[in-house]
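Welcome! Here is a short guided tour of one protein model. Take a look at it first, and then read on.

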Amino acid sequence: MVEITRSYEIEVEMIDSDHRRLVDIINEITQAIDDKREEECARLVPDFVTFSKQHFAREEALLAKNGYPGVDKHRRHHASLNYKMDTMLALAERVVESVAARDELRKELIFFLMDDVINEDMNFKSFLVDAASRKGN
Ligand SMILES: [Fe+2]
Ligand SMILES: [Fe+2]
């Protein structure tokens with residue numbers, strides 16, 4: 001079971017609620033694997049990928065709107081994750097027959113979420129928090 005601790009919150013509600021939704025889908029997928037509901041798992045992975053892409057687009061728009069100087073770099077980072085998402089979709093097609101695919105998928109999902117999605121977003125956290133407090137003044 002994956003959880004986002006306080007230190008991994010960006011403190012921008014739109015982003016944090018998207019990240020929580022991604023965590024929820026991953027927990028549903030791993031639960032489906034544990035319960036041997038492989039078809040359910042295969043069905044949820046495309047949902048995870050679709051929601052991830054929607055989240056990346058929302059996040060990029062927010063960064064651009066706030067004038068974050070690293071927006072292009074972060075956009076390229078998101079684009080670089082497409083091949084990992086393609087790998088997840090390919091694994092999802094094999095989870096019904098393959099234990100190895102299920103194990104690999106579980107590992108890929110958790111690393112993707114914690115390292116590529118949440119940890120990389122820490123780079124702009126203080127910028128957005130400062131931007132919000134400037135607006136408040
Ligand atoms: Fe994010
Ligand atoms: Fe991001």
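In this predicted model, the iron ion (ligand 1) and the iron ion (ligand 2) are 3.5 Å apart, with E59 coordinating both. Donors here are N, O and S atoms within 2.8 Å of the metal (3.2 Å for Na, K and Ca), and water is not among the atoms, so sites may look incomplete.

**The iron ion (ligand 1)**

- Which residues hold the iron ion (ligand 1)? Its protein donors are H19 (NE2), H55 (NE2), E59 (OE) and D121 (OD), at 2.0 to 2.2 Å from the ion.
- Along the chain, these donors follow the spacing H-x35-H-x3-E-x61-D.
- Distant parts of the chain are linked here by a pair of residues 36 apart: H19 sits in helix α1 (residues 13–34) and H55 in helix α2 (residues 38–65). Helices (H or I, at least four residues) and strands (E, at least two) are DSSP runs, numbered from the N terminus.
- The arrangement is irregular because the four donor atoms subtend angles of 86 to 167°. Four donors count as tetrahedral if all angles lie between 85 and 135 degrees; four count as square planar and six as octahedral if opposite donors are over 155 degrees apart and all others between 65 and 115; anything else is irregular.

**The iron ion (ligand 2)**

- For the iron ion (ligand 2), the protein donors are E59 (OE), H74 (NE2), H78 (NE2) and D121 (OD), lying 2.0 to 2.2 Å away.
- The site of the iron ion (ligand 2) is irregular too, with angles of 84 to 165° among its four donor atoms.
- Its donors are spaced along the chain as E-x14-H-x3-H-x42-D.
- E59 belongs to helix α2 and D121 to helix α5 (residues 99–136), so this pair ties together parts 62 residues apart in sequence.

**Buried or exposed?**

- H19 and H55 are both buried. Buried means under 20% relative accessible area, exposed over 50%, and partly exposed in between (1.4 Å probe, protein chains only).
- E59 counts as buried because its relative accessibility is 0%, and D121 counts as buried because its value is 1%.
- Of the 137 residues in the chain, 44% are buried.

**The nonpolar cores**

- In soluble globular proteins, nonpolar side chains tend to be buried together.
- A nonpolar core is a set of buried Ala, Val, Leu, Ile, Met, Phe, Trp, Tyr and Cys residues joined through side-chain atoms within 4.5 Å.
- The largest nonpolar core has 29 residues, and I29, F48, L105, F112 and L113 have the most contacts inside it.
- Helices α1, α2, α4 (82–92) and α5 each supply at least two residues of this core, and α5 gives the largest share, eight residues.
- L113 touches V2, L22, V23, I26 and I118, leaving aside residues up to four places away in sequence. Contact means heavy atoms within 4.5 Å.

**The whole chain**

- How many helices and strands does the chain have? There are five helices and zero strands.
- The C-alpha trace spans about 55 × 25 × 20 Å along its principal axes.
- Among contacts between residues at least 6 apart in sequence, 70% join residues at least 24 apart.

**How to read the labels and values**

- Residues are numbered from 1 along each chain as its sequence is written, while chains are lettered from A and ligands numbered from 1 in the order in which they are written.
- Local features need pLDDT of at least 70, side-chain atom pairs count only at pLDDT 80 or more, and totals for chains, interfaces and linings use all residues; side-chain values use heavy atoms, with hydrogens and water left out.
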